[in-house]
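Work through the exercises below with the structure in view. Try each task before reading its solution.

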2 protein chains.
Amino acid sequence: MKASPQRLAVGIDFGGTGVKMGLVDETGVIRGRFDFPTAAAGTRQAWMDQVQFGLDRFRRNGCLPIGIGVGVPGFTDFKRGFIYNLTNVPGWNSVYLARMLTKRFGLPAFVENDVNAMAIGECAYGAGRGHRHAVFATLGTGVGGGVVIDGKLYRGAYSMAGEIGHIAIRMNGHKTPEGQGGLETYIGNRQIVSRTVRALRAGRRSLIRALVKNDLGLVTPKIIARAATRNDPLALEIFDFVADCLATAFASITYLLQPEVIIVGGGVAQSGRVLFDPLRRHLRERLNQYFAKRIKVIPAKLGERAGMTGCAVLVFQSL
Amino acid sequence: MKASPQRLAVGIDFGGTGVKMGLVDETGVIRGRFDFPTAAAGTRQAWMDQVQFGLDRFRRNGCLPIGIGVGVPGFTDFKRGFIYNLTNVPGWNSVYLARMLTKRFGLPAFVENDVNAMAIGECAYGAGRGHRHAVFATLGTGVGGGVVIDGKLYRGAYSMAGEIGHIAIRMNGHKTPEGQGGLETYIGNRQIVSRTVRALRAGRRSLIRALVKNDLGLVTPKIIARAATRNDPLALEIFDFVADCLATAFASITYLLQPEVIIVGGGVAQSGRVLFDPLRRHLRERLNQYFAKRIKVIPAKLGERAGMTGCAVLVFQSL
């Protein structure tokens, strides 16, 4: 019998809306939890005070973590524990967060991009368990990603790898500051909704209209998924397009990296078969037999726990 | 002072036309050489006899290699030293080549895809020297590639990674057995030539006509490059298109992997600035500032030696 794991780490999922702190053990179980709204910690000082509060609570229960991992929504330099800047959270430009945490709490600390943290969480404890090479994609307002090689996060030369959302699927497509024809400019939540609303405004009949009681401002990917589940032709068409865009990027990823598995998380991924059936079919069509029969595409498993547990993995793997 | 390196390895670059055998030392210097035409070794037996001949010659000079590495034009399984099949070389389906070599010559042997071997050769001894993470692309009839991570070849889960030529640059582009819109369906040598010839047939004036004395069957990428060097508008347009297709794929690679450097080899890459100037410009336009200012795109250095020396690296790194 294996002895129960002794090491614990604090994983902090620092989101634009809320901050989730978890006390995580080496099997990925969350033994303690403390959350606070991002808005309630408007300054770095206030943020650190909240973290102090959570840590004290964990410690009062007799739990002594060996380190702290933080996942943040923006560009980071893992090696230096540094935040370049955060999307949607002001006041966090050029911050040596790891150093700040270590100084105040006397614990080793690590800082990683939030989606990278989710990727390593899913690989260690979720859908990617048991796989050596995996790619993680998360579908939301934007499309994020993370690359896991040999069970470890692959960060690239300057700690920024895994930006799946910017993979070009159309050479002459939408222009943005990130380039041209990037995946997320087609299948970000807003893009999915506006594609649908355009079709409805153009007169397409669809169950979606009834589901939002004719208020097109209420259309969401979730609503479209619900209509697709009930075989609404427009909704199915929208999901087929989303799936094919994803498959185009996934084919490129598969030819380049040949992971064992691509894990898909985030809101739209919760649509289930409505997304995954056409996604797998299109991906097969976009690969030759050698690659097609070996790649698996599966939904993420950990939901909102992926980030916290992933941050803990970073601590365990680093110490 | 460092002692002169003692280890030697045989690197065999098994091409569709010729087979190049090199006796390579650990600094990448080729100390002995034996080549034979692929057609002269029509059976596996005859091929092995030729290799025996080369090995005997190396040994007669007192050189004792520690192992043999072979790069072959097709799908391989490095772990098993296995060839699935070779493009353009019949008689080599499902061959345990490493085992055959070891049995006959009493030396450890390794089998790798030829472009992967070139990639690791360029990284160890050529343009990628000193870089940890690099991606190699070779432009020819097809477009091949290899991924080097932490100074080692990255093979993916099933030994097939690095197929840059099949990265999709146009979601709704050319359909092939490899998928849709793959890079090499736009910039393979034949595609470059036929794009040019189409423009000439459509009446475009160009220096190219004079260079081939009006025989459009003589147009090659090299001729087009020569015209581009002399500022021929059509030729410059063609190279701009090739560069932009490459930049589209390189942008996807950079966002996903963030290597320090992308190394470009093969015939078309020898065109120099005519290719690299627009390639770097388009790549910058297709990346955000964080990625654009960090990625380097440079020409390969080793030419026809990349394969042989790369095969030797595989031996050195494995033993």
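**Exercise 1: The axis**

Task: Which residue of chain A comes closest to the rotation axis?

Solution: In this predicted model, the residue of chain A closest to the rotation axis is Arg170(A), with its C-alpha at 2.4 Å. Next, take the operation itself: a rotation of 180 degrees, with 0.0 Å of shift along the axis, superposes chain A on chain B at an RMSD of 0.0 Å. That is the relation of a two-fold axis. Finally, compare the contact residues: 100% of those of chain A recur in chain B, and the same surface serves both copies.

**Exercise 2: The interface**

Task: How many residues of chain A are in contact with chain B, and which element of chain A gives the most?

Solution: Start with the count: 40 residues of chain A are in contact with 40 residues of chain B. Then list the elements of chain A that give two or more residues to this side: strand 9 (143–149), strand 12 (179–180), helix 8 (233–257) and helix 10 (289–292). Helix 8 of chain A gives the most, with eight residues. Last, sort the residues of this side by type: 23 are nonpolar, 10 polar and seven charged.

**Exercise 3: The core**

Task: Which residues have the most contacts inside the largest nonpolar core?

Solution: The largest nonpolar core has 200 residues. Those with the most contacts inside it are Val242, Leu256 and Ile262 of chain A, and Val242, Leu256 and Ile262 of chain B. Now follow Val242(A), leaving aside its neighbours within four places in sequence: Val242(A) is in contact with Ile187(A), Ile192(A), Val268(A) and Leu275(A).

Note on methods
Residues are numbered from 1 along each chain as its sequence is written. Chains are lettered from A and ligands numbered from 1 in the order in which they are written. This is a predicted model: local features need pLDDT of at least 70, side-chain atom pairs count only at pLDDT 80 or more; totals for chains, interfaces and linings use all residues. A nonpolar core is a set of buried Ala, Val, Leu, Ile, Met, Phe, Trp, Tyr and Cys residues joined through C-beta atoms within 7 Å. A residue is buried if 20 or more other C-beta atoms lie within 10 Å of its own, exposed if 12 or fewer, and partly exposed in between; C-beta atoms are placed from the backbone. Two residues are in contact if their C-beta atoms, placed from the backbone, lie within 7 Å. Helices (H or I, at least four residues) and strands (E, at least two) are DSSP runs, numbered from the N terminus. Ala, Val, Leu, Ile, Met, Phe, Trp, Tyr, Cys and Pro count as nonpolar, Asp, Glu, Lys and Arg as charged, and the others, Gly among them, as polar. Copies are superposed by least squares on the C-alpha atoms of residues with pLDDT of at least 70 in both.
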